[in-house]
Amino acid sequence: MNESVADTTGGISASPPRRAVAARRRIVDTLFWAACLCCLALVILPTLWMLIGVLGRALPVFHFSVLVQDSKGSGGGLRNAIIGTAVLGLGVVLVGGTVSVLAGIYISEFATGRTRSVLRGAYEVLSGIPSIVLGYVGYLALVVYFDWGFSLAAGVLVLSVMSIPYIAKATESSLGQVPTSYREGAEALGLPTGWVLRRIVLKSALPGIVTGMLVALALAIGETAPMLYTAGWSDSPPTGALTGSPVAYLTYPIWTFYNQPSRSAQNLSYESAFLLIVFLLVLIALGRLVTWLAGRHSES
């Protein structure tokens with residue numbers, strides 16, 4: 001009887017500490033989730049504020065004529081800038097995307113030891129160089145020294161150099177996440193390394209590679225300073241000439257026309273910002289589509 005009382009007393013005396021520990025855990029858990037929500041709000045609220053501000057200014061003055069008319073001074077439309085942005089983006093995908101994916105494949109699959117460390121350090125350093133510095137170097141080297149002038153080739157090369165670190169890192173990381181058993185199984189079957197890389201490894205890593213490429217492309221087409229130094233500006237659509245012909249792009253009206261006293265110039269700036277956001281949303285949608293198709297292929 002005394003032992004049972006002692007056990008009951010011991011259980012009662014031990015219960016409050018357990019309740020206190022549980023209460024402290026609930027408080028810490030609540031504070032943690034509150035901190036997470038605050039951090040999420042710090043990311044979402046500025047983005048919503050920016051989108052609402054752009055849409056609130058652009059939609060009331062938006063006219064579909066800007067899609068079919070070229071710029072004329074600080075007025076007109078944005079057809080030349082839309083086509084120029086699309087051409088610059090395509091050039092970045094072809095030049096920067098090709099170089100970056102091949103570099104990522106080499107670093108992930110073939111480079112070893114010191115070579116891999118040096119290459120990783122190289123693209124990490126490149127990612128830290130300010131875009132305006134790359135634009136100035138491109139101006140001195142391509143526009144002035146090689147006498148290309150403000151041109152499509154100069155703009156594409158500078159934007160491609162900016163995109164290399166992001167795509168190469170995404171490629172390397174995506175290839176590193178492909179299960180080793182895929183490679184080991186193919187090697188056991190005696191399949192050629194190149195065939196395995198093309199038909200198995202790259203297809204498995206495709207969603208990550210595409211995501212990195214789209215992030216780099218979105219950053220590239222949103223740049224202004226490098227384009228001012230290399231692409232210049234033109235009131236006409238791209239002529240197809242790689243050198244000696246300036247190119248229009250959507251970030252130029254945003255930067256140049258916003259502070260002008262003309263109401264038409266300011267409206268063109270708002271419309272350009274709106275079209276650039278639409279352009280980025282289209283890129284995101286394409287990325288999701290490619291990821292979905294790649295997922296269906298991997299499941300099949």
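## Reading a predicted model, feature by feature

Analyst: Let's open with one residue: Thr 224 counts as buried because its relative accessibility is 17%. Keep in mind that this is a predicted model.

User: How do I read that percentage? What cut-off makes a residue buried or exposed?

Analyst: Buried means under 20% relative accessible area, and exposed means over 50%. Thr 224, at 17%, therefore counts as buried.

User: Where is Thr 224 found, and which residues is Thr 224 in contact with, leaving aside its neighbours within four places in sequence?

Analyst: Look at the loop between helix H7 (193–221) and helix H8 (225–230); that's where Thr 224 is found. Once you leave aside neighbours within four places in sequence, its contacts are Thr 251 and Trp 255.

User: Now salt bridges. What am I looking for, and how many does the structure hold?

Analyst: You want a side-chain nitrogen of Lys or Arg within 4 Å of a carboxyl oxygen of Asp or Glu. The structure holds two salt bridges. One of them joins Asp 70 to Arg 79, with the closest N and O atoms 3.0 Å apart. Asp 70 counts as buried because its relative accessibility is 19%, while Arg 79 is partly exposed at 32%.

User: And which side chains meet at 2.5 Å, N to O?

Analyst: Those of Glu 172 and Arg 120 meet in a salt bridge at that distance, 2.5 Å. This pair links distant parts of the chain: Glu 172 belongs to helix H5 (residues 152–176) and Arg 120 to helix H3 (residues 113–127), 52 residues apart. Glu 172 is buried, with a relative accessible area of 7%, whereas Arg 120 is partly exposed at 32%.

User: What about disulfides: how many does a search of the whole structure find?

Analyst: Zero. Take Cys 36, which is in no disulfide; the nearest cysteine sulfur belongs to Cys 39 and is 6.6 Å away.

User: Why is there no bond for the sulfur of Cys 39?

Analyst: Because its closest cysteine sulfur, in Cys 36, is 6.6 Å off, which is too far for a bond. The cut-off here is a pair of sulfur atoms within 2.5 Å. As for accessibility, Cys 36 is partly exposed at 30%, and Cys 39 counts as partly exposed at 48%.

User: Which residues form a nonpolar patch on the surface?

Analyst: Leu 37, Leu 40, Val 43, Ile 44, Leu 45, Leu 48 and Ile 52 form it, with about 680 Å² of accessible area together. To find the patch, start from Leu 37, whose place is in helix H1 (residues 2–58). Leu 37 counts as exposed because its relative accessibility is 56%.

User: How do I use the UniProt record? Where does UniProt place the feature "transmembrane region"?

Analyst: Use the record to pick a span, then check that span in the model. The unreviewed UniProt entry places the feature "transmembrane region" at several spans, including residues 31–52, 81–106 and 200–221. Residues 81–106 are 100% helix and 0% strand, with end C-alpha atoms 36 Å apart. Over residues 200–221 the chain is also 100% helix and 0% strand, and the end C-alpha atoms are 32 Å apart.

User: And which residues does the annotation "domain: ABC transmembrane type-1" cover?

Analyst: According to the unreviewed UniProt entry, that annotation covers residues 82–287. In the model, residues 82–287 are 77% helix and 0% strand, and their end C-alpha atoms lie 20 Å apart.

Methods: Residues are numbered from 1 along each chain as its sequence is written. This is a predicted model: local features need pLDDT of at least 70, side-chain atom pairs count only at pLDDT 80 or more; totals for chains, interfaces and linings use all residues. Side-chain values use heavy atoms; hydrogens and water are left out. Patches are made of residues with over 30% relative accessible area and no salt bridge: like charges are joined within 9 Å, nonpolar side chains (Val, Leu, Ile, Met, Phe, Trp, Tyr) within 5 Å. Accessible areas come from the Shrake-Rupley method with a 1.4 Å probe; for residues, only the protein chains shown count as cover. Helices (H or I, at least four residues) and strands (E, at least two) are DSSP runs, numbered from the N terminus. Buried means under 20% relative accessible area, exposed over 50%, partly exposed in between (1.4 Å probe, protein chains only). UniProt positions are given in the numbering used here, feature names are shortened, and annotations may be inferred rather than shown by experiment. Contact means heavy atoms within 4.5 Å.
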